Amino acid sequence: MHSLIRKINKKHNSAFTFLLMLCFIPPNVLATTVSAPINPPVTSQPLQPAIYSKMSIHHPVWAEHGMVATQEALATQIGLDILKQGGNAVDAAVAVGYALAVTLPRAGNLGGGGFMLVYLANSKKVIAIDYREKAPSGASRDMYLDQAGEVIPNLSTYHGLAVGTPGTVMGLEHARKHYGTLTREQLMAPSIKLAKEGIIVTADLANSLTAMQKRLSQWPETQRIFYKKEGINYQAGDLFIQTDLANTLTTISQQGEKGFYQGEIAQAIANSVQEAKGNMSIKDLQQYNVVEREAIKGSYRGVQIYSMPPPSSGGVHIVQILNMLENYDLTSMGHNSAQHIHTLAETMRRAYADRSLHLGDSDFVKVPVNTLTSKKYAKQLVAGINPDHATSSKDIQPDANLPYESDQTTHFSIIDQWGNAVSNTYTLNYSYGSGMVAKGTGVLLNNEMDDFSAKPGHPNGYGLIGGEANAIAPNKRPLSSMSPTIVLKDEQLFMVTGTPGGSRIISSTLQLISNVIDFNMNIADATAATRIHHQWLPDTIRIESGLSLDTIRLLEAKGHELQLKQTMGSTQSIIKQKSGFYGASDPRTPSSLSLGY
Ligand code: DON
């Protein structure tokens with residue numbers, strides 16, 4: 001390219017050459033030069049890299065000091081305001097965590113749980129905070145089975161027994177107390193205001209409430225809060241006030257986690273769950289605990305990957321799949337070529353098969369994390385991959401047919417002016433969780449118990465994963481796919497990312513990383529690119545729209561079955577470079593937004 005430019009240079013004036021050179025800047029060259037000077041000096045120095053490249057279709061949001069990427073615009077703005085006030089990334093994350101409970105009620109929550117990775121710039125440490133729900137102490141292995149040993153429909157999803165002891169409030173408080181700098185009152189005031197004074201219903205919120213009306217209105221308390229009188233839906237542009245939730249947030253703001261896990265709110269949660277025939281007690285709430293764990297660490301073509309350890313399966317399998325992919329020259333295959341997708345599917349298939357057997361809450365079962373994340377084991381698995389033909393999942397593990405998980409969780413990523421970062425994924429599991437609001441609190445309760453194996457080892461599989469390692473036990477945490485992830489490059493913070501999407505979280509996250517590392521995409525192009533997913537069982541490659549029919553035919557010729565389904569994931573990502581911060585919120589989610597300053 002340079003010799004081409006030199007040749008052209010002889011013939012043309014310098015301004016024209018400059019413009020021509022801009023056209024050749026590779027897509028991922030990210031840095032400053034907002035507008036080109038009219039008469040650029042002719043110099044032998046390399047061009048100052050540009051923030052935006054004409055080679056890219058999608059462009060990240062750029063900012064100089066810090067960035068917030070979330071799935072809902074009001075929450076993003078609240079996080080940004082905290083950063084601008086001098087709060088650090090953890091402060092902003094706590095404010096966003098509470099805000100999403102108000103503005104994105106289908107996934108943001110107080111009554112659910114999740115995982116937060118924190119990167120501390122000073123010590124260069126990554127902290128993994130586990131605030132996943134726990135099974136109530138009255139839970140038992142066969143609690144969802146009838147006398148014939150069959151799974152009773154809906155018990156683990158839309159019933160009091162579906163609710164795990166929530167972790168979100170304690171998780172956010174833990175993060176704030178240990179790593180934040182602002183007061184609880186400062187961080188919660190914006191969300192209290194939004195709940196009390198109301199939010200303008202977005203098309204996205206109206207859409208989701210309409211879609212869920214049948215399920216949610218089975219719970220009178222939920223119907224009362226989320227639908228107008230006579231069950232009329234909120235329309236885009238309506239004002240939506242959540243008075244009970246505002247009161248609950250105010251209590252937490254005044255009393256801290258005790259305001260949620262003890263006293264009236266805890267009692268109201270336990271009562272509502274028990275009225276719905278669940279067995280969560282106030283003692284379960286009082287005894288809930290957050291755990292700091294060691295992040296899963298891996299590497300991929302020179303960058304370091306940090307992600308969530310068990311009880312999430314995410315970190316282990318992102319690293320495992322990337323380890324396998326490292327054995328291939330993906331770049332020369334071409335992005336989303338049949339060979340590339342075949343390689344992705346075959347590596348995913350093998351990792352998800354391992355997940356079904358080995359993964360569970362490591363406080364209860366032994367998870368072979370070191371083996372699963374080792375380069376040696378990855379090589380062993382890669383040796384079984386035929387580059388020309390699909391391996392049948394039956395030949396990897398005997399018959400099984402695990403269902404896909406539901407699709408509502410939410411992720412946010414934040415980096416502050418000091419280079420501290422937060423990668424947080426939290427959830428109610430299903431959209432609006434169990435659908436049950438604890439009376440008088442405005443708090444939607446999760447149905448995370450559905451992530452356990454209701455019938456471990458059953459060939460039809462129930463719940464997230466059918467393995468014994470993920471069997472139900474009192475106080476155990478159900479296995480998760482949530483994978484908040486932080487990537488370092490040259491010992492410096494490089495990328496913060498994560499996504500909702502159930503079992504597709506793992507595959508979506510690793511494709512995003514590979515799109516940046518292997519295909520040199522900017523973070524917005526990497527986000528928008530069509531995703532694929534294989535999870536061993538069912539033995540099919542799930543695809544989004546955007547692949548050519550030629551590619552699909554070539555994959556079928558290799559023995560793959562493909563299914564076009566709904567889009568996967570909603571990644572919220574930030575890249576940090578010398579030239580600034582680059583944010584990308586997934587265009588698959590209409591209300592998502594990245595903002596910086
Ligand atoms: O923890 C898990 O993996 C699931 N409960 C997450 C569900 C989910 O991501 C649904 N979302 N989009």
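Accessible areas come from the Shrake-Rupley method with a 1.4 Å probe. The model treated in these exercises is predicted.

**Exercise 1.** Determine what area the chain exposes and which share of it carbon and sulfur atoms supply.

*Solution.* The exposed area of the chain is about 22600 Å². Of this area, 52% is supplied by carbon and sulfur atoms. As to burial, 62% of the 597 residues count as buried.

**Exercise 2.** State how many helices and strands the chain has, and what percentage of its contacts between residues at least 6 apart in sequence join residues at least 24 apart.

*Solution.* The chain has 21 helices and 21 strands. Among the contacts in question, those between residues at least 6 apart in sequence, 71% join residues at least 24 apart.

**Exercise 3.** Establish the strand order of the open sheet that contains β16, β17 and β18, and explain why one side of β16 and of β18 is left without a neighbour in the sheet.

*Solution.* The order is β16-β17-β18, with mixed pairing. Strands β16 (532–533) and β18 (562–564) stand at the edges and have a single partner strand each, so one side of each lacks a neighbour in the sheet. Strand β17 (residues 541–543) runs parallel to β18, and 3 bridges join the two. Within this pair, I543 is placed opposite L564 of β18.

**Exercise 4.** Identify which residues make the nonpolar surface patch of about 270 Å², and decide whether I200 is buried or exposed.

*Solution.* The patch is made by I200, L239 and I241. I200 lies in strand β5 (residues 199–200). Its relative accessible area is 53%; exposed means over 50%, so I200 is exposed.

Notes. Residues are numbered from 1 along each chain as its sequence is written. This is a predicted model: local features need pLDDT of at least 70, side-chain atom pairs count only at pLDDT 80 or more; totals for chains, interfaces and linings use all residues. Side-chain values use heavy atoms; hydrogens and water are left out. Helices (H or I, at least four residues) and strands (E, at least two) are DSSP runs, numbered from the N terminus. Buried means under 20% relative accessible area, exposed over 50%, partly exposed in between (1.4 Å probe, protein chains only). Contact means heavy atoms within 4.5 Å. Two strands pair if DSSP finds at least two bridges between them. Patches are made of residues with over 30% relative accessible area and no salt bridge: like charges are joined within 9 Å, nonpolar side chains (Val, Leu, Ile, Met, Phe, Trp, Tyr) within 5 Å. A salt bridge is a side-chain nitrogen of Lys or Arg within 4 Å of a carboxyl oxygen of Asp or Glu.
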